[in-house]
Amino acid sequence: MQAAFFIIAALIVIGGLAAMLVRKLVHAVLWLMVTLASLAALFLLLGAQFVGFAQILVYVGAVAILIVFAILLTRNSEWAKAGRLASPSWLVGVGIAGLATGCLIASILASSIPPGVPVPPAASVADIGQKLMTEYVLPLEAVGLLLTAAMIGAVIIAMPEDKRG
Amino acid sequence: MIPLKAYLVLSALLFGIGLAGALSRRNAIMVLIGIELMLNAANLNFIAFWRFHPGTEPLAGVMFVLFSIAIAAGEAAVGLALIIAIYRHYKTTNLDRMDSLKG
């Protein structure tokens, strides 16, 4: 249990760091997939099966492929050659991020959250389906509407201007 | 047993990595990847709190994460469509060259 957590945590952090540091965009997406798949493993470890599989389906399956398509549709050869990866003010950005992370970690370590014992998860997939169709049916419909609007909007935005009519 | 704070610190680290990438990389797609990392850090927090401190509503944390994943997928689709539209206009994904509105 402990070893599994540390291995998965190391994979998450290494994958995230590598995704942000490598030069080639396709490699960055592959590292992003490592991070997302490790997060799915962590969700499984925490007893959230449905979320873990949804993470693999949606993130590793759909979002990563979407990013790969965006990379293929935009010419990025200028990044493969020499040239700065970061913007001129990158030090400010990294500084702000470091400061924010430091504050977060300091306040987490100083907080008095009761440690809490992990309760055995009582969330079967059947329960989740039941809840989604009864108590959470309105948010579910709202998300469906949002996804439809996002899909139509994405198609229209990405369409060439002379074809919009 | 792994304490709750370990999950929170891991999530804060992932958030910091994503924030640093989103603020400092020059490529628009890399900024989007950074934002995805930050969203995933938030999801990890939801699940950790749900596992360690279930409230009166036993499934609230899982529901939050499911809706958050759905909205993040929509955000990625629209964001990448915007990047493609901007690329068609400027012929670049370099954020430093998208400065038409600069005073």
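These questions and replies cover the contact between chain A and chain B, a surface patch, and one chain end.

Me: What are the ground rules here?
Reply: This is a predicted model, where local features need pLDDT of at least 70 and side-chain atom pairs pLDDT 80 or more, while totals for chains, interfaces and linings use all residues. Residues are numbered from 1 along each chain, chains are lettered from A in the order written, and side-chain values use heavy atoms, without hydrogens and water.

Me: What makes a residue part of the contact between chain B and chain A?
Reply: Contact means heavy atoms within 4.5 Å. By that test, chain B gives 70 residues and chain A gives 87 residues.

Me: How do you know how much area chain B and chain A bury?
Reply: Buried area is the accessible area (1.4 Å probe) lost when two parts are put together, summed over both. For chain B and chain A the figure is about 7,000 Å², with 77% on carbon and sulfur atoms. Helices H1 (4-24), H2 (28-52) and H3 (60-90) of chain B each supply at least two residues of its side. Helices are DSSP runs (H or I, at least four residues), numbered from the N terminus. H3(B) has the largest share, 22 residues.

Me: Which classes make up the side of chain B that touches chain A?
Reply: That side has 49 nonpolar, 12 polar and nine charged residues. Asp, Glu, Lys and Arg count as charged; Gly is among the polar ones.

Me: How many salt bridges link chain B and chain A?
Reply: Zero. A salt bridge needs a side-chain nitrogen of Lys or Arg within 4 Å of a carboxyl oxygen of Asp or Glu, so no pair between the chains meets that test.

Me: Why is the group with Trp31(A) called a nonpolar patch?
Reply: Patch residues have over 30% relative accessible area and no salt bridge, and nonpolar side chains are joined within 5 Å. Ile7(A), Leu11(A), Ile14(A), Trp31(A) and Val34(A) form such a patch, so the name applies. Together they have about 430 Å² of accessible area. H1(A) gives the largest share, three residues. Trp31(A) is in helix H2 of chain A.

Me: What does Met1(A) contact beyond its neighbours within four places in sequence?
Reply: Leu45(A) and Met1(B). Met1(A) lies in the segment before H1 of chain A.

How values were computed: Patch = residues over 30% accessible without salt bridge, like charges linked within 9 Å, V, L, I, M, F, W, Y side chains within 5 Å. Areas by Shrake-Rupley, 256 points an atom, 1.4 Å probe, with all protein chains shown as cover.
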